[in-house]
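Here are some comments for a reader who is new to looking at protein structures. Please keep the structure open beside the text and find each part as it is named.

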Amino acid sequence: MENMFNCLCSALMERENKDKFLKGEGLQLMNLMLREKKMSRNGSLKVLDHAVSGPDGKENCNKFIDILGLRTIFPLFMKTPKRKKRILSSDEHEEHVLSVIGSLLRNCKGTQRQRLLSKFSENDFEKIDRLLELHLKYLEKVEIVDKEIDSQPRDPEVDEDEEADNNYIKRLSGGLFTLQLVDFIILEVSITSEEIKQRVIKILNLRKASMKTIRDVMREYAGNLGDNGDTDWKDQEQSHILSLVDRF
């Protein structure tokens, strides 16, 4: 079954397949699998992530909210399932869930976006608390990787640019990619509500953490965006992220 889900993920990298997935009610099927809490939930989460990602996932994002997908994805965000109920590691699970929410924030407008943003104010801002919990978790992971990189002797046969690229990839796989997802969501929701922003500041202060760290993470992310062959998308995304940083 996992091979089938992996094939679907590969197919959904093409725009026309995302359209076919939407018309074939693939989102409804993935949503149903996620709610059933069976082993298929692991694969369906990965497929959902691929279906809504990127600018080509806009229609899938809006449809996912229309079919009440927020009721499915946010319980998975608030609590990572126990190991016996999943194949994915806890880090992989959190990465896919955060990626889905990040894609929804990027692609949804109007009513769908308002429905999404309202989730972060529910139940005394519990989802903001969860975001900051994940921020601190993955920041710690990245700091450990950074110390390992700093302690390694430099290979004289590798030029500086190649070494920098290798170190960045190592940091991404060590937790930076998920940290970027978390911090992007924090920025997106914070600029929409002064109450949410103050909640973020309060928790950061209590944990002796800094808003500057979030800004630095997102500036680095903006500076390392790939374009996937679409330079217009890259320029727009960079501009949007830097605008979020300035307003945070």
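**Notes on the predicted model**

1. I begin with a single residue, Glu25, which is found in the loop between helix H2 (15-23) and helix H3; please keep in mind throughout that this is a predicted model. The phi angle of Glu25 is near 60 degrees, and this is a positive value in a residue other than glycine. Glu25 is also exposed, since its relative accessible area is 51%, and a residue counts as exposed when that value is over 50%.

2. A second residue deserves a look for its backbone angle: Lys208 has a phi near 55 degrees, which is again a positive value in a residue other than glycine. Lys208 is found in the loop that runs between helix H11 (194-206) and helix H12 (211-223). With a relative accessible area of 77%, Lys208 is exposed.

3. Turning to helix H8, which covers residues 110-118, one finds that Gln112, Arg113, Leu116 and Leu117 are buried. When the helix is seen down its axis, these buried residues fall within an arc of 130 degrees, so they line one face of H8. The face that is turned away from this buried side carries Thr111 and Gln114, which are exposed.

4. What do the buried residues of H8 pack against? Their partners are helix H5 (58-66), helix H6 (70-78), helix H7 (90-107) and helix H10 (160-190).

5. The second largest pocket holds about 280 Å³ of space, and its lining is made up of 13 residues, with Lys37, Arg41, Leu76, Lys79 and Pro81 lying nearest its centre. The elements that give two or more residues to this lining are helix H3 (26-36) and H6, and H6 gives the most, with four residues. H6 therefore deserves a second look, as one of the helices against which the buried residues of H8 pack and, by the helix assignment, a run covering residues 70-78.

6. As for the character of the lining of the second largest pocket, its residues divide into seven that are charged, four that are nonpolar and two that are polar.

7. Finally, the chain as a whole is divided into domain 1, which covers residues 1-121, and domain 2, which covers residues 124-247. The centres of the two domains, taken over C-alpha atoms, are separated by 22 Å. Where they meet, 20 residues of domain 1 are in contact with 24 residues of domain 2.

Methods. Residues are numbered from 1 along each chain as its sequence is written. This is a predicted model: local features need pLDDT of at least 70, side-chain atom pairs count only at pLDDT 80 or more; totals for chains, interfaces and linings use all residues. Side-chain values use heavy atoms; hydrogens and water are left out. Buried means under 20% relative accessible area, exposed over 50%, partly exposed in between (1.4 Å probe, protein chains only). The arc is that of the directions from the helix axis to the C-beta atoms. Contact means heavy atoms within 4.5 Å. On a 1 Å grid over the protein atoms alone, a cavity is a set of points where a 1.4 Å probe fits but cannot get out, and a pocket is an open set with protein on both sides within 12 Å along at least five of seven lines; lining residues have an atom within 4 Å of a point. Grid points are joined across faces, edges and corners, and a volume is the space filled by probe spheres set on the points. Ala, Val, Leu, Ile, Met, Phe, Trp, Tyr, Cys and Pro count as nonpolar, Asp, Glu, Lys and Arg as charged, and the others, Gly among them, as polar. Domain bounds come from an automatic or database domain assignment.
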